[in-house]
Every structure is written in C-alpha cells, then in structure tokens.
Amino acid sequence: MSKSLLLGNEAVARGIYESGATVVSAYPGTPSTEITENVVKYGEIYSEWAPNEKVAFEVAHGACLGGARSFCAMKHVGLNVAADPLYTASYIGVNGGMVCAVADDPGMHSSQNEQDSRHHAIASKVPMLEPCDSQECKDYTKLAYELSERFDTPALLRLSTRISHSRSLVELADRENRELKPYTKDPMKNVMMPAMARGAHVKVEKRTEALRRWAETEAVDLGVNTIEYNDKRIGIIAAGTCYTYAKEALGTRASYLKLGMVNPLPIQLIIDFARNVGQVYVIEELDDIIETHCRKHGIPVIGKLLFPLVGEFSQNTIREALLGEELPRQTFDEPIPPRPPVLCAGCPHRGLFYALKKYKLYVSGDIGCYTLGAQAPLAMIDSCVCMGASISGLHGFNTARGKEQAKKSVAVIGDSTFCHSGVTGLMDIAYNKGISTVIVLDNSITGMTGHQNNPANGYTISGDPTTAIDLEALAHALGIRRVVTVDPFDIEAVRRAVETELEAEEPSLIVSRRPCALLKSVKHKPSMRVNPDKCVGCKACLQVGCPALSHVPGKDGKTMAAIDPTQCVGCAVCAQACRFGAIEPTVKEEN
Amino acid sequence: MADSVKNILIVGVGGQGTLLASKLMGKCFVDQGYDVKVSEVHGMSQRGGSVVTYVRYGDKVYSSLIEKGEADIIISFEQLEAARWLPFLKPGGVLISNTQQIDPMPVIMGKATYPDKVLDKIREKGVQVIALDAKSLALEAGTVKATNIVLLGAAAKFLGFDRELWLDIIRTTVPPKTVAVNEKAFDLGYNS
C-alpha cells in the first residue's frame, strides 16, 4: 500500500486502528495528545477524553478485561497519575490486549519536569517498546498488542517529543477485524486481594524472565532488537531518538545495538555485542537505565561519563562528546532578546491576573495556559507543581500560616485541570473547614494542549453535545456555600468578588468565566486604538502584558502606546488599565 | 554522514503558521520520491514564543533534528528569529527572511532592545540573504494569515521544484475556501 508522511502520534493511531482495537481513552498532554485526536477519525473505534489519566488507564484496562483490544495515552507525568492502576493491572494481566502509550519530554518543551518513564516500566514489571520513527510507531503499537496478549500483560509504548511530533514515512495496512474475546469470571486472576496477589506476583516475575528471553531471541529475528556491525572499534547501544542521532553523527564509523524493547533488556544480546566490539557506549537521554543494567551484569560501558543526564540530545551531542568534533557555525554579534511564550491577545486569563495584581497575594498556581501568568509583567504565580496541586497546596500553605494568610491568597486552576484533580482538593478544603479562596479559570476548553473538549464544556471528543459539569452546583454539593461567577474582562467586578471572598471566614469558589479567545465560536470585538491626544506615555497599559501592545515615539520626545490591530481582539483590559481614558474602541458599541 | 540530505529550518513566532509551511514542504519532497522527516513544535511554545520546525529530505534521513552548522536553508518568518537561529546555518547556507519585526515581551516592556538592521548585519557576514516583506504581500493576497504561504513561495522558487507541483499541494491541503488567496500568496512570494 501507499506510504504516508505521518506524525509519530498519527502513526500510533494508525497502529491502534490496524490492530483492530475498539476502545481508547486518554487525557490530553503534550506531546501525546494527537494520538487520541487521530483515533477519533476512525469510526470503528470508540474514543473518549477521560477526566484524568488514572480514569483513562482504568477504562482501557476494564475494556481489555471485557475482551476488547484497548488503548490509553498520556504524557510522562500523566503516568504518575495512572501509576496506581498500572502496577496492579500488571499483576492481573489482560484478556484482550492493552497498550498504554507514554510520551516523555526530554528538554521540557512543554512540561514541568523531565522524568524518565522507563522507571515505571521497570517498577511495574511490564514490557516497554520504544520506536525511533513513525513507521516503528505503527509497527510497535501492533507488536505491543501481540506481546500483551501472548504474555498476559499490559504493554507500554514509550514515545518522546521528538518521536511524537516528527513526521516520517509510514506504509499503511488494512485493519485486522477481531472478535471480542469471551469474558469468563475468574476472581483468582482479576480480583487482587492479598491471597490472589501473592500468586500473581510470582507469575509476574516469571513473565519478566519469559519476556527477557523473547527480547534476546524472537525480538532479534523480528528486527526489534538488532545489531549492525560496521567499524568495530566503537559499539553504540541506543534506542529511539538516540539511535537516529548516533547513526546521523557516526554513520559507519561505529557498530550498533539498536534496542526496540527497553524493558526488559536483552542481557545476553548485550553481552554478545560487547564481546565483538571495542569500547561500548550507551547513548540514552535522561536517566542511565541501560547503562546501569549493563554495569550490573559486568559489562564495562561508558554512558553518563560523556553524556548529560539532562535535556534533549542531538547528533551534535554525540559528535562533540564522542568525536570531539564541532561543526563550523556563524553567530549574530549582538544580544538577542529572548522570546518567551505569552498569554494570547484577548486571553481571558490576562484580565483575571491583572485584576489580582493590585493585591499582594500568594497565588497557588496549576498546569495550563494560565501558568504563563508567572511571566513578567503579570508575574502572578507563586507556585506550580502538578495537575490539581493549586487547591490542595493552598490549603496546606494556609493551614501552616493561619487564617490571616488565607485572606491574602488564592488558588488559580483551569476548568479542565479542576476536573482532572482539582475537585478533590476543594473537597479537602470544605471537609476540613478551610477558608481558602479558589478561582476556577473556566475558558470552556483544555487550552494549552490545543483545544480538547472536557467534562465541563458540554462536548464529547467528537464534538457531540453532552452533559456539562455545573461547576457552581458541584461546589455547593461539596459544601462550599460561597460561589460567585465573574467575567474576567470586567476588572472591577473581579476585584469586588475577590475582596469580598477573601474577607469571608469560609471557603469560596470564584468562577472566572469566558471562553478562550482562540475558539472559533468566539466572536471578537473590533480592535482598540490609542487616542494620541490623551495618551501621556505612562506605560501603565504595558502592565497587562499583551502582545498586541507596544510603545512607539509620540509627541515632544515622549513615547505613546500603540495597538497592533491585526492582533487586538477588543477585550479592553488595557483600556481599564489606563487612567487617562486614552484607549478606546475603534467602533462605537451599539447599545 | 548523510551529505545527500538537505536541511531546511523554518523559524518564527508561535501563531505565524510555520507548521503548515513545513507540512506542505514535507508533502512536496515525498512526492519527489525522497525520504523525509519533519519535526514540529507543539504545546507551550506555540503561545507567541520562538518556534522552530525542521524539514529534512534525501535518500535516507535518520535524525529528525537539524543542529547548529547543519541548515542549508533557514526560512525565517521574523527578523529577530533569523538572528536567533543563525548559528544553525551551514557556511554557504541561505537565509530567506520576512522583514517583519515582532517585538517579544521583554522588548515591549523596555527590558531589552530589538537590534536594528538585523538582516543587513547578517548579510555583512557574507550570508546570502533573500529578504521580502511577506506580511504586506500576504495582505495584498487578501489576508495576513497567508504570510506563511508567501514565504513558502519565496522558498519554492529557490528550491527549484516545479511551481505547479507546489500549487497542486496547496490546493489539496488548505481549506477549499482559502485556495484562491493561498495561490495568490504563493505567487507573490514566488515572484518577489
């Protein structure tokens, strides 16, 4: 069949389709999101956005126990959320095959940490495959189902930003239509209580040994773990992206052991390779997992002595560390101002943060576009840990520092993140008589990952209308009596609400509600303009941190504000920051 | 070393449409029978940050990254980004750059200065610079959103594949309603 240029994530989706899988559940997370977005295009597969990764994993595992081939996807930190079901699903195993893709983010292009998800594969004792291009993304997804069913285990597919978000050629095949496997009640296999789990653990250890033998034999025949001998003075052991970087940098100047399966590792194969080459180098991004494993078996490899534990590698990393070669390059001789990401023009989060800026608050932050509120000039976030931590973290902070602190602090969390794991923190505050104030920034979408629907916005993954969580009613149900909704473009209204709720001696939820400015359904107002007769060049408007605003030379050697009409969407937050009424609509609003 | 591989770096500001340009390029090279890898940036840096896309084609492409000193061509959607990514250009490589200037937040806030005459200074280093006002040409075509297609047109002229081939790819990739505008934008870049 024809070859198509597919993103790694699209190729995984294709692999799910060709494998005959029928149930997919996921929570969006860069760089894994496009897998599920592409699965939606296949009508034969049920797909959904789950509220979080734990739910997604459990849905997929439940579906596989029900006899289907199932799938779930998440970013690396999502697997921490799903770790609880993963570790016990490993004991139970599967009925239909189950594959979980986890996408690491070396270099932290869009993440809060740089953890190496191979640790989870080792700790949960499940097999993990790692593709090096889009073709392998598809092939390994299919292979993962075979392994899952043959060895009675969930299988992990390890991706990374570079694999997930690179396009390369993929040969497509037809879908394999599969019958749902029959379900038979089997508590010894599927009910994990101590009596059953003790036996299951023994089974898991035997399974790991069987998988290791597979990695040393059949995986070699299939070309999954493969040796390529060239110049034998240098031997490279690598998987995934690192293999492609090594091939790029070293070509035939080295021999290679390419690992397509990164857990369990094929020890005998590694020993054989090491015997046949001079010095063995292990090239792996993030942690020294292959290297440590080699050393444990007495194989004298060099790894983190030369290569860093942090960041994303490239062919230059290898050229420079191994060959001492640096390609000639040119430089621009002046300082180049950085260009950090910013909240978009018209972003509803800007108004909320600008309104809060007036008060000296402790702002407990969370994961989403609004984390960008930490950047100057808004500089409004005090902490950001993980999904949902804003609310529970605020409760802890205020419990430690007392009631007066609670009157000078808020949590900010998006609608999707609130549904993910913020709601349990709010439950904690209500239940334990906290008085903290929580602000949900409800922009009707999961924004940072590129606009996915969520349980609070009333649409399913395929855009069908569905029930939407009533955030206000939910807060009431949790025992939060003070619930108020504001429009973040109305700075005064936000401030009134914040002042009132901070003063209250009980917990409050403020819903700051306005849809993301990038949603197609949002109608924008005409752009704003600066009245040169009124602008005094004070630059107060720049404090809102809008990319559409700048200062240009004005009258009498002063500067004046300027607004880029191609970016401005007329939110008028800057106009509310101007004490001189110098920022006005280009078109008078009809009342 | 894969010397037969050509490396094209597309750089700009998140939201300028670098992804579509790289996708169209990738399709073109696939149609010509090459092995192709295109590496994109999604997520946080798309929000107005500095973005980069790597396009590589040749007989066999291993890495999806282009590193410092490796790019045959840099297509820059914005002047400052041309300066930022200049170290990635190979000696003898070509810079195709939009003359548009987009101030980053530190410049807007007065904390940093936008260097002047960026493209002239790069030219003075002996780099071949093809400069065009892609934003104005896009507006001439009908929408500022077509800036990416204007720049694709300019690059296409330089890459040397048949003009009709590019236009065919544009017609089959962009939304039907925008075909006419994008064709015009492509030609304005191609003939600039």
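**Entry 1. Salt bridges**

I began with the salt bridges and found a count of 54 over all chains. The model I am reading is a predicted one. Between chain B and chain A, I noted 7 salt bridges. One entry I looked up across the two chains is Arg319(A) with Glu70(B), where the closest N and O atoms are 2.8 Å apart.

I then turned to a pair inside chain A. Arg212(A) and Glu209(A) form a salt bridge through their side chains, at 3.4 Å from N to O. Why are Arg212(A) and Glu209(A) separated by about one helical turn? I recorded that both belong to helix α10 (residues 194–216) of chain A and are 3 residues apart, so about one helical turn lies between them.

**Entry 2. The contact between the chains**

I asked how many residues of chain B are in contact with chain A. I found 61 residues of chain B in contact with 59 residues of chain A. I listed the area buried between chain B and chain A as about 5,100 Å². Carbon and sulfur atoms give 59% of this area.

**Entry 3. A sheet built from both chains**

I followed an open sheet of 8 strands and wrote down its order as β1(A)-β8(A)-β2(B)-β3(B)-β1(B)-β4(B)-β5(B)-β6(B). The pairing in this sheet is mixed. Which strands stand at its edges? I noted β1 (3–7) of chain A and β6 (128–132) of chain B, each of which pairs on one side only. From one strand to the next, the twist averages 20°.

I looked next at the chain A end of this order. Strand β1(A) and strand β8 (residues 166–171) of chain A run antiparallel and are joined by 5 bridges. For Lys3(A), I found the bridge partner Glu171(A) in β8(A).

I also looked for a helix on this sheet. Helix α6 (residues 147–159) of chain B packs on the sheet and touches β1 (6–13), β3 (50–58), β4 (71–76), β5 (89–98) and β6 of chain B. The direction of helix α6 of chain B makes about 140° with that of β5(B).

**Entry 4. A sheet within chain A**

I traced another open sheet, formed by 7 strands of chain A in the order β3-β2-β4-β5-β7-β6-β12. Here, too, I recorded mixed pairing. The edges are held by β3 (46–49) and β12 (261–263) of chain A; each has a single partner strand, so one side of each has no neighbour in the sheet.

In what sense do strand β2 (residues 23–26) and strand β4 (residues 70–75) of chain A pair, parallel or antiparallel? I found the parallel sense, over 4 bridges. Within this pairing, Val24(A) stands opposite Phe71(A) in β4(A).

Helix α7 (residues 134–151) of chain A packs on the sheet. I noted that this helix touches β4, β5 (98–104), β6 (128–129), β7 (155–160) and β12 of chain A. Its direction makes about 160° with that of β7(A).

**Entry 5. Backbone details in the loops of chain A**

I looked up two cis peptide bonds. One joins Thr30(A) and Pro31(A), with omega about 10°. Pro31(A) has its place in the loop between β2 and α2 (33–39) of chain A. The other joins Asn263(A) and Pro264(A), with omega about -10°. I located Pro264(A) in the loop between β12 and α13 (267–276) of chain A.

I also checked Met108(A), which has a positive phi of about 50° although it is not a glycine. Met108(A) is found in the loop between β5 and α6 (118–124) of chain A.

**Entry 6. Domains of chain A**

I copied out the division of chain A: domain 1 (3–214), domain 2 (221–323), domain 3 (348–513) and domain 4 (528–585). Taken over C-alpha atoms, the centres of domain 2 and domain 4 of chain A are 56 Å apart.

**Entry 7. Confidence of the prediction**

I closed with the scores. Chain A has a mean pLDDT of 96, with 99% of its residues at 70 or more. Among the elements of chain A, I found the lowest mean pLDDT (91) in strand β21 (residues 549–553) and the highest (99) in β6(A). Chain B averages 94, and 96% of its residues score at least 70. For the complex, the predictor gives an ipTM of 0.95 and a pTM of 0.97.

Technical notes. Residues numbered from 1 in each chain as written. Chains lettered and ligands numbered in written order. Predicted model: local features only at pLDDT ≥ 70, side-chain atom pairs only at ≥ 80, totals over all residues. Heavy atoms only, no water. Pairing = 2+ DSSP bridges. Helix = DSSP H or I, 4+ residues; strand = E, 2+ residues; numbered from the N terminus. Axes fitted to C-alpha atoms, helices over the stretch in contact; angles between N-to-C directions. Contact = heavy atoms within 4.5 Å. pLDDT = per-residue confidence, 0-100. Domains from an automatic or database assignment. Buried area = accessible area lost by both parts, 1.4 Å probe. Salt bridge = Lys/Arg side-chain N within 4 Å of Asp/Glu carboxyl O.
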